[in-house]
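Me: I am new to this structure. Could you walk me through it in questions and answers?

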Amino acid sequence: MAAVAWTIDGVPDETQRLLRSYVKDVAQAYGEQLDAILLFGSAVRGEFLPGRSNLNILLFLRSYDVALLKAYTGVHKKWSNDQVVVPLFLTKADLQASALVFPLEYQDIQDCHRLLWGQDPFIGFKVDPRHLAGEVLQSLRGNLVRMRQRLVEGETTEESMMLLLPLSVTAVLPVLRGVQRLLGRPVLSHGEPLVQDLADCFAIDLAGLSEALSIKRGHISPGHKEIPRVMDRYFDGLGRLVDAVERHVGQR
């Protein structure tokens, strides 16, 4: 299968060269068993932060067993220090079945991905929107509950808050795009306008989510006295958003 020519706007040249070398290694490791390599996440959305953002990969194989999964071990050892996380492994046959269970994730990937090698399995792919509302609600409420649990596990220290806020808001952003789909609004790729759009739509204060994004991007670093207040604003905003979305879905 012929290699795909690509460039990714907003991603440093060094990172793109890294990705091209990574693609060659994966293609060599899997040979004819490989159907496609896709990049998704912040690198494709124009929000890639060198030294902070991971490179999220989706590998489509013709089949998989323990031996094929083991074939990735050497690739992982070579590239994991370059923020290439362990990819999602799928076959083309898996894709539609997985979308029934995870419509939020696969709609997000379909809308914003870059083919690095092979043939794009998302051409002609459809996500059933009937399953979207349930996963959006579960993901929003689940994130809020897990945040409380993890904060207590971290002994509610200021250091744990600085770690948890970026992790939580990163997980929330795809869900917010799912909310926009439920509302029939244009789906926004970038975090700040996405948060602001939903704050305006529901007339709620989501300043805590915006602050968590700024911490994630390294734009602000609240001191020990301020970070608990940021956490309170985050909990408050996310809780109000969960309630608003639940009311909207209940009215449909």
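What follows is a short set of questions and answers on a predicted model.

Me: How many helices and strands does the protein chain have?
Reply: The model is predicted. Its secondary structure mixes both kinds of element. The count for the protein chain is eleven helices and four strands.

Me: How does the radius of gyration of the protein chain sit against the globule rule?
Reply: The C-alpha atoms fill a box of roughly 55 × 45 × 35 Å along the principal axes. For 252 residues the globule rule gives 18 Å, and the chain comes close to that, so it is as compact as a globular protein of that length. The radius of gyration is 19 Å.

Me: What share of the contacts in the protein chain, at a separation of 6 or more, joins residues 24 or more positions apart?
Reply: Start with burial: buried residues make up 49% of the 252 in the chain. Now take the contacts with a separation of 6 or more. Residues 24 or more positions apart account for 72%.

Me: Which helix gives the most to the lining of the largest pocket?
Reply: This pocket holds about 1,000 Å³ of space, and 34 residues line it. H2 (42–45), H6 (103–111), H7 (132–153), H8 (158–183) and H10 (207–216) each supply at least two of them. With ten residues, the top contributor is H8.

Me: Which residues lie nearest the centre of the largest pocket?
Reply: The lining divides into 16 nonpolar, nine polar and nine charged residues. Five residues of that lining lie nearest the centre. They are Gly41, Asn56, Thr170, Ala171 and Pro174.

Me: Which element supplies the largest share of the lining of the second largest pocket?
Reply: About 160 Å³ of space lies in this pocket. Two elements give two or more residues to its lining: H1 and strand E4 (113–118). The largest share is four residues, and it comes from H1.

Me: How many residues in the lining of the second largest pocket are charged?
Reply: The lining consists of Ala3, Val4, Trp6, Arg20, Val23, Lys24, Ala27, Leu116 and Trp117. Arg and Lys count as charged. Seven of the lining residues are nonpolar and none is polar. The charged ones number two.

Me: Is Gln16 buried or exposed?
Reply: Gln16 is found in helix H1 (residues 13–30). Beyond residues up to four places away in sequence, Gln16 touches Trp6, Thr7, Ile8 and Val11. Buried means under 20% relative accessible area. Gln16 has 6%, so it is buried.

Me: How many disulfides does the structure hold?
Reply: A disulfide needs two cysteine sulfur atoms within 2.5 Å. Cys112 is buried, at 12% relative accessible area. Cys201 is partly exposed, at 29%. The number of disulfides in the structure is zero.

Me: What is the phi of Gln83?
Reply: Most residues other than glycine have a negative phi. Gln83 lies in the loop between helix H4 (73–79) and strand E3 (88–90), and it is partly exposed, with a relative accessible area of 25%. Gln83 is not a glycine, yet its phi is positive, at about 65°.

Me: Where is Thr156 found?
Reply: Thr156 also has a positive phi, about 50°, although it is not a glycine. At 43% relative accessibility, Thr156 counts as partly exposed. Its place is the loop between H7 and H8.

Methods. Residues are numbered from 1 along each chain as its sequence is written. This is a predicted model: local features need pLDDT of at least 70, side-chain atom pairs count only at pLDDT 80 or more; totals for chains, interfaces and linings use all residues. Side-chain values use heavy atoms; hydrogens and water are left out. Buried means under 20% relative accessible area, exposed over 50%, partly exposed in between (1.4 Å probe, protein chains only). Contact means heavy atoms within 4.5 Å. On a 1 Å grid over the protein atoms alone, a cavity is a set of points where a 1.4 Å probe fits but cannot get out, and a pocket is an open set with protein on both sides within 12 Å along at least five of seven lines; lining residues have an atom within 4 Å of a point. Grid points are joined across faces, edges and corners, and a volume is the space filled by probe spheres set on the points. The radius of gyration is taken over C-alpha atoms; the globule rule is 2.2 Å times the number of residues to the power 0.38.
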